[in-house]
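Hi there,

Here is the structure I promised to pass on. Have a look at it first, and my notes on the ligand site follow below.

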Amino acid sequence: MDMIRANGLALHYADTGEADLPVIVFSNSLGTDFRSWDRVAARLSGQFRLVRYDTRGHGLSDAPDAPYAMSDHIDDLSSLLDGLKLKSVILVGLSVGGQIAQGIAIHRPDLVRALVLCDTAAKIGTADMWQGRMEAIDKGGIEALADPILERWFSDAFRCSRPEELVGWRAMLTRTPKQGYLGTCAAIRDTDFTEQTAQLSLPTLCLCGTNDGATTPELVQATANLITGSRYVQIEGAGHLPCIECPDALVTALTDFIQENKLV
Ligand SMILES: O=C(O)CC1=CCC(=O)O1
């Protein structure tokens, strides 16, 4: 197990592949950890150096008391990349991980040469919606909302055809430290990158599952429209987590983007 001290926290991460290969860094979504990238990483290994980490409050990383600010998550990732002496990476972020990626591109452009924003937006949901979710989870725990969350994460077809696997993803969600989940909800509630993201001009790919019930294709496309020259691709049949449900399609879109933009 690899742990690193970054921004005052112990962060769990994996850094695989030869040091001189092009680097792709992955940031996870709310209620998941870096295992959500395992299928994507398996398909890219040998061609890239792959860095995955558990965002604060998730997986095996430290879970300080809630609330968190988006700047905390951004500083964690900046500090991790500085600690690994990485610059100019291809940064892939899923949902809140995509907001962290936008924040890195805005505040530390030296760290990132291209963005892949999966099932994310400059602003996700409303403050009232996040406040309501935080109150429900504070009262009943993550378990109280696990079923509707899993319905947004995965398509009906996936949930019906892979019941055992669903047990595993449900355990990942419900075992997320409560303060980590609540702290990150607060960060999402308080984030609106619309103006700053509209100033970005680096190569950007925006992806979205056609069945995503959390960040809908319309919402993700609206964020893509903010970024000059960005590309928008839909992942047919996937819910909010295409990296788990449709890794082949995600990897094809990602590698096409990398080649088209001559990032290797
Ligand atoms: O839990 C959800 O509804 C999906 C989600 C929103 C932000 C995030 O990271 O995941």
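**Around the ligand**

The ligand is surrounded by Ser29, Leu30, Ser95, Val96, Trp130, Arg133, Ile149, Arg152, Tyr181, Ile188, Ala214 and His240. Please keep in mind that this is a predicted model. By class, this shell splits into 7 nonpolar, 3 polar and 2 charged residues.

Three side chains place polar atoms by ligand oxygens, as follows:

- Arg133: a polar side-chain atom is 2.7 Å from an oxygen atom of the ligand.
- Ser95: a polar side-chain atom is 2.8 Å from a ligand oxygen atom.
- His240: an N or O atom of the side chain is 3.3 Å from an oxygen atom of the ligand.

On its own, the ligand has 290 Å² of accessible area, and the protein covers 99% of that. As for the elements involved, α4 (127-140), α5 (146-153) and α8 (178-189) each give two or more residues to the shell.

**How α4 and α8 pack**

Two of those helices also pack against each other: the axes of α4 and α8 are 9 Å apart, at an angle of about 170°. Angles over 145 degrees count as roughly antiparallel, so α4 is roughly antiparallel to α8. On the α4 side, the contact is made by Ala127, Trp130, Gln131, Arg133, Met134, Ile137 and Asp138. From α8 come Lys178, Tyr181, Leu182, Cys185, Ala186, Ile188 and Arg189. Together, the residues of this contact divide into 9 nonpolar, 1 polar and 4 charged. Trp130, Arg133, Tyr181 and Ile188 belong to this contact and also to the residues around the ligand.

Happy to talk it through whenever suits you.

Best wishes

Methods. Residues are numbered from 1 along each chain as its sequence is written. This is a predicted model: local features need pLDDT of at least 70, side-chain atom pairs count only at pLDDT 80 or more; totals for chains, interfaces and linings use all residues. Side-chain values use heavy atoms; hydrogens and water are left out. A residue is near a molecule or strand if one of its heavy atoms lies within 4 Å of it. A polar contact is a pair of N or O atoms within 3.5 Å; within protein, one must be able to donate a hydrogen and the other to accept it, and residues adjacent in sequence count only if both atoms are side-chain atoms. Accessible areas come from the Shrake-Rupley method with a 1.4 Å probe; for residues, only the protein chains shown count as cover. Helices (H or I, at least four residues) and strands (E, at least two) are DSSP runs, numbered from the N terminus. Ala, Val, Leu, Ile, Met, Phe, Trp, Tyr, Cys and Pro count as nonpolar, Asp, Glu, Lys and Arg as charged, and the others, Gly among them, as polar. Axes are lines fitted to C-alpha atoms, for helices over the stretch in contact, and angles run from 0 to 180 degrees between N-to-C directions. Angles under 35 degrees count as roughly parallel, over 145 as roughly antiparallel, 65 to 115 as roughly perpendicular and the rest as oblique. Contact means heavy atoms within 4.5 Å.
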